[in-house]
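Subject: Structure for you to look at, with notes

Hello,

I am passing on the structure we talked about, and I would ask you to open it before you read the notes below, so that you can follow each point on the screen.

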Amino acid sequence: MQSGKNAAASAKETAANAAASAKAGMEKTKATLQEKGEKMTAHDPMQKEMAREKKEERKHEAEYEKQAAKEHNAAQKQTTGTMGTGTGTHSYTTTNVTGHRTGTGGI
């Protein structure tokens, strides 16, 4: 029974990590598209450079959020594994915001 709980925790962690990666990918794409739009409307090279810097910052933030979510998910799995009484109610995250189920975003 214990290995079944570990397998379920691993599956939940994997699914939450995949969702976190997908969310980060979407955020990076949005940042790139926003940069392209800002560059098209900008007339000043300084505005274009600011758009590029803003894109890079958003991409780094998305990557940071993904890594933080993965660390949170690993900690949740570890808690389930060490407690041995996992009921399947642990909250895995794609946003690294606790208290919200995966995919419901609390931001």
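A good place to begin is Lys28, which is partly exposed, as its relative accessible area is 25%. Please keep in mind throughout that this is a predicted model.

The side chain of Lys28 meets that of Glu63 in a salt bridge, with 2.7 Å from N to O. This pair links distant parts of the chain, since Glu63 lies in helix 2 and Lys28 in helix 1, and 35 residues separate them along the chain. Glu63, like its partner, falls into the partly exposed class, because its relative accessible area of 24% lies between the limits of 20% for buried and 50% for exposed.

Two further salt bridges are worth finding, and each of them sits inside one helix. In helix 1, Glu27 and Lys30 are three residues apart and are therefore separated by about one helical turn; their salt bridge has its closest N and O atoms 3.3 Å apart. Glu27 has a relative accessibility of 26% and so counts as partly exposed, and Lys30 is also partly exposed, with a value of 45%.

In helix 2, Glu49 and Arg52 are likewise three residues apart, which means that about one helical turn separates them, and the closest N and O atoms of their salt bridge are 2.7 Å apart. Both ends of this bridge are partly exposed, Glu49 at 30% relative accessibility and Arg52 with a relative accessible area of 32%. There is also a network, in which salt bridges that share partners join Glu35, Lys39, Lys55 and Glu56. A search of the whole structure finds nine salt bridges, so please take the pairs described here as examples from that set, by the cut-off of 4 Å between nitrogen and oxygen.

Next, you may like to look inside the model. How many cavities of 30 Å³ or more does the structure hold? The answer is one, and the volume of the largest cavity is about 40 Å³. Its lining is made up of Ala31, Gln34, Glu35, Glu38, Ala51, Lys54, Lys55 and Arg58, and helix 1 and helix 2 (45-83) each supply at least two of these lining residues. When the lining is sorted by character, five residues are charged, two are nonpolar and one is polar. Glu35 and Lys55 will be familiar names at this point, as they line the largest cavity and also belong to the salt-bridge network.

Two single residues complete the notes. Is Lys66, which is found in helix 2, buried or exposed? Lys66 is buried, because its relative accessible area is 15% and the limit for that class is under 20%. If its neighbours within four places in sequence are left aside, Lys66 is in contact with Ala20, Ser21 and Ala24.

The other residue is Ala8, whose place is in helix 1 (residues 2-41), and which is partly exposed, as its relative accessible area is 37%. Although Ala8 and Thr80 are 72 residues apart along the chain, their C-alpha atoms are separated by 9.8 Å.

With best wishes

Note on methods: Residues numbered from 1 in each chain as written. Predicted model: local features only at pLDDT ≥ 70, side-chain atom pairs only at ≥ 80, totals over all residues. Heavy atoms only, no water. Helix = DSSP H or I, 4+ residues; strand = E, 2+ residues; numbered from the N terminus. Buried < 20%, exposed > 50% of the residue type's maximum accessible area, 1.4 Å probe, protein only. 1 Å grid on protein atoms, 1.4 Å probe; cavity = no way out; pocket = protein on both sides within 12 Å on 5 of 7 lines; lining within 4 Å. Points joined across faces, edges and corners; volume = space filled by probe spheres on them. Nonpolar A, V, L, I, M, F, W, Y, C, P; charged D, E, K, R; others polar. Contact = heavy atoms within 4.5 Å.
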